[in-house]
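Colleague: I am new to this structure. Please take me through the surroundings of the ligand in one connected account.

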Amino acid sequence: MLNILVLGGTDEARRLAAALAGRAGTHVVSSLAGRVRDPRLPVGEVREGGFGGPAGLRAWIGEHRIDVVVDATHPFAARMTASAVEATGRAGVPLLILRRPGWQAAPGDDWRWVPSLAAAAELLPEVGERVFLTTGRRSLPVFAGLDGLWFLARSVDPPQPPAPRRLEVLLSRGPFTVEGELALMRDHRVDVLVTKDSGGQMTTAKLLAARELGLPVVVVRRPPHPAGVPAVGTVEEALTWLETTAGPAWQG
Ligand code: NAP
């Protein structure tokens, strides 16, 4: 039996769990941080909540006889990834990072790359006045001091203070359509979009809408990839890596 821990919270993690479900000789546990109130659950066994840092994850891996860990968390979940690197290193268990590729600007795009959310907040007053903020509810405190700007913040769950003074919150979960994003940005007279470089298809519509409207987009760069850890960009590549790592006995 190959025991696989999938660190999840993404579409890729759910698709990987689905692809592994029912495979002979395979037991998959998907792990979620447990912070979204009504998460989209993967098929199969699910656990929720933090492990208690690298030491807690190391202990969990031992207790559950985990043979391999796939970190399929969001590209910006840097603490979880660092914890996975340390814990699997200590446990002597292989780790694969499954990270969808980042977005690429195309002709017509006006993207301003920044290294962090704080840098995005610093740049914003030079770029626009009516901001569509799509960086997640926990990023709002970073923008709290910008009283000269108006914000439309979209998130899955309601944000907590501190938050920008002039703020409208839109509770919604993707995927979104280009038509919908165009209408939203027009109706709210948005003049700048802020996004993380999350990648993937679920939330590209806002970028296409911004291009069509000729709006600037402030794009927050991903945290660096941990050195020396194998990484793939698709679920299919992850399955191939698992087959290679686990050996032919497991493939059937
Ligand atoms: P983070 O800052 O790297 O994680 C903070 C802590 O939350 C981790 O140290 C860990 O606690 C716990 N945690 C995170 N992911 C976990 C998982 N899959 N299973 C168990 N514990 C987990 O990450 P985050 O930005 O808070 O993201 C949390 C979750 O939301 C992830 O599953 C991620 O894929 C998803 N998500 C994040 C974003 C984003 O923009 N960051 C967007 C969409 C979805 P312990 O140290 O106690 O183990």
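Modeller: What follows describes the shell around the ligand and its contacts. This is a predicted model, in which local features need pLDDT of at least 70 and side-chain atom pairs count only at pLDDT 80 or more, while totals for chains, interfaces and linings use all residues. Residues are numbered from 1 along each chain as its sequence is written, and side-chain values use heavy atoms, with hydrogens and water left out.

Around the ligand there are 22 residues, of which G8, S31, R35, H74 and K196 come nearest; a residue is near if one of its heavy atoms lies within 4 Å of the molecule. The shell divides into 7 nonpolar, 10 polar and 5 charged residues. Here Ala, Val, Leu, Ile, Met, Phe, Trp, Tyr, Cys and Pro count as nonpolar, Asp, Glu, Lys and Arg as charged, and the others, Gly among them, as polar.

Polar contacts are pairs of N or O atoms within 3.5 Å. A polar side-chain atom of R138 lies 2.7 Å from an oxygen atom of the ligand. From the backbone, an N or O atom of H74 lies 2.7 Å from a ligand oxygen, and one of G52 lies 2.8 Å from a ligand oxygen. Taken alone, the ligand exposes 810 Å², and the protein buries 81% of that (accessible areas by the Shrake-Rupley method with a 1.4 Å probe).

Strand 2 (26-32) and helix 3 (78-91) are the elements that give two or more residues to this shell. Helix 3 gives the most, with 3 residues. Helices (H or I, at least four residues) and strands (E, at least two) are DSSP runs, numbered from the N terminus.

Methods. A polar contact is a pair of N or O atoms within 3.5 Å; within protein, one must be able to donate a hydrogen and the other to accept it, and residues adjacent in sequence count only if both atoms are side-chain atoms.
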